[in-house]
Amino acid sequence: MAKNAPAFTCTSCGAAHKKWAGRCDSCGAWNSVIEEAPLSAGPKSLGGKGRVIALTDLATQADPPPRATSGMEELDRVLGGGLVEASAILVGGDPGIGKSTLLLQAAAAFARNGVKSMYISGEEATAQVQMRAQRLGLADAPVFLGAETNLRDILTTLDAERPGLAIIDSIQTMWLDTVESAPGSVSQVRSAAHELVTFAKKRGVAIILVGHVTKDGQIAGPRVVEHMVDTVLYFEGERGHHFRILRAVKNRFGPAAEIGVFEMTGDGLSQVTNPSALFLSDRDKPAPGSAVFAGIEGTRPVLTEIQALVSPSPLGTPRRTVVGLDSGRLSTILAVLEARCGIPFAGLDVYLNVAGGMRVSEPAADLAVAAALLSAREDVAIPPDMVLFGEISLSGALRPVAQTENRLKEAMKLGFTQAIAPSRSKMAGVEGMAVRQMPDLTAFVGEMFGAG
Ligand code: TYD
Ligand code: MG
């Protein structure tokens, strides 16, 4: 592309386009491609010689970065054990999911633990944030509060105050007077994030950026920021459920895939230290179509209930509705059940759901999904004290999964006494837990549902 040629960017997925288009070919969004001011071409030539940078070897170990903790364990764990200084963190999530609430609570918690914390709101007036703080019982926490959207003023303030933690709520409302496009556009979001991240690194301030995302990507932003920051956390939950999950999807300073579980209550978010009990709490009598999956989320075992409903379909193409699981995975499991075990689901509508608004992405959930489907189809309840886990391969074989013992121990703690696991699972027996190991799906079907 010629220098300074106009560049076009999709505000929904961030894809670059050479020319304007009504529809982005990358994500399919309509009317999302806008013209962007080109980034500067950089220094024309590198006048003069640079200096030689110091090189080292891989063995030399720097000290682990010092971390500040908030005392909110669910948050500290997702951060990888606390907040690393001079790091940049993005917290994304749907509007209204509770990001501002979470971060106001986090600011107060860090402030009470001696970290100088600043909360800059670009969306709400200070009075609104103060009212919320009052309601959450945080009004006495020594948080520095500001309401501003002009990034030049914010950076000047940060430089003068030098807090340990600065929260910017949200990155979509920030604007730089050097960038022409409107706040919330890809170029503003990218430039503002770049300024803030650079500032964080240079001045040793930990910065948390709040970013709105919607499932269909209607609001510009966080995607283009993800690669600039050290840590990306998503705050998710189903509407109508009060559970909220803070999930690490990228973390340069800790394990990714870690989750923290919260519950939205009348006085803010409260931590859920035993999520399994919560996700299973609304289970009533043993019912056909329900199976309990012993899963691992990050470093923690979490038990969830998988529910299935199968009913004759009036439609030519039966319905497949999935909540909380990958729909491609459901199709695969249905195909394996049909091809390897001779159990057809053609002509049947299938509804699959993870109870409590949890989202399960582990392949280890396959066996519990198959069990829930079979149980619904055959109208036979699975014993209420049984957990299941195992990955199903296309041949119908059950593959062992990691951390078998942790799964079993968590199940024990919650009163389960039987488990179905793949053959060759690596484990020492867990006392009080009857574990049956099965080589493949056919054996499982034969055992649980007669000949199938
Ligand atoms: P908010 O933190 O403003 O969401 P976001 O910043 O992600 O847009 O949370 C808004 C929702 O949370 C709102 O619908 C009301 C609810 N809420 C509670 O249920 N309890 C509370 O104590 C607070 C502060 C909010
Ligand atoms: Mg908000």
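## Aromatic pairs

In this predicted model, a search of the whole structure turns up 2 aromatic pairs. One of them joins Phe235 and Phe262 edge-to-face. Their ring centres are 6.2 Å apart, and the planes meet at 75°. Phe235 belongs to strand β11 (residues 231-236) and Phe262 to strand β13 (residues 259-265), so the contact ties together parts 27 residues apart in sequence. Phe235 has a relative accessible area of 2%, which is under the 20% cut-off, so Phe235 counts as buried. Phe262 is buried too, at 0%.

Phe444 and Phe449 also pair edge-to-face. Here the centre-to-centre distance is 6.2 Å and the angle between the planes is 80°. Both Phe444 and Phe449 are buried.

## Charges over rings

Two arginines place their charged ends over phenylalanine rings. The charged end of Arg377 sits over Phe345, 5.6 Å from the ring centre. For Arg407 the ring is that of Phe389, and the distance to its centre is 5.5 Å.

## Helix α9

Arg377 falls within the residue range of helix α9, residues 366-378. The helix has 13 residues, so at 1.5 Å a residue the expected span is 18 Å. Its end C-alpha atoms are 18 Å apart, which agrees.

Most of α9 is covered, with 11 of its 13 residues buried. Among the buried residues are Asp366, Leu367, Val369, Leu373, Leu374 and Ser375. Several alanines are buried as well, including Ala368, Ala370, Ala371, Ala372 and Ala376. An α-helix has 3.6 residues a turn, so residues three or four places apart point the same way. Just after α9, Asp379 adopts a positive phi of about 60°.

## Ligand 1

The shell around ligand 1 holds 16 residues. Gly96, Lys99, Ser100, Thr101 and Gly268 come nearest. Polar backbone atoms also lie close to ligand oxygens. For Lys99, the distance from such a backbone atom to an oxygen atom of ligand 1 is 2.8 Å. For Gly98 it is 3.0 Å. For Ile97 it is 3.4 Å.

On its own, ligand 1 has 560 Å² of accessible area, and the protein covers 72% of that. Three elements each give two or more residues to the shell: α2 (99-112), α3 (126-135) and β13. The largest share, 3 residues, comes from α2. Strand β13 is also where Phe262 of the aromatic pair lies.

Conventions. Residues are numbered from 1 along each chain as its sequence is written. Chains are lettered from A and ligands numbered from 1 in the order in which they are written. This is a predicted model: local features need pLDDT of at least 70, side-chain atom pairs count only at pLDDT 80 or more; totals for chains, interfaces and linings use all residues. Side-chain values use heavy atoms; hydrogens and water are left out. Helices (H or I, at least four residues) and strands (E, at least two) are DSSP runs, numbered from the N terminus. The expected span of a helix is 1.5 Å times one less than its number of residues. Buried means under 20% relative accessible area, exposed over 50%, partly exposed in between (1.4 Å probe, protein chains only). Rings of Phe, Tyr and Trp (its six-membered ring) pair if their centres lie within 6.5 Å; planes under 30 degrees apart count as stacked, over 60 as edge-to-face and the rest as tilted. A charge sits over a ring if NZ of Lys or CZ of Arg is within 6 Å of the ring centre and within 35 degrees of the ring normal. A residue is near a molecule or strand if one of its heavy atoms lies within 4 Å of it. A polar contact is a pair of N or O atoms within 3.5 Å; within protein, one must be able to donate a hydrogen and the other to accept it, and residues adjacent in sequence count only if both atoms are side-chain atoms. Accessible areas come from the Shrake-Rupley method with a 1.4 Å probe; for residues, only the protein chains shown count as cover.
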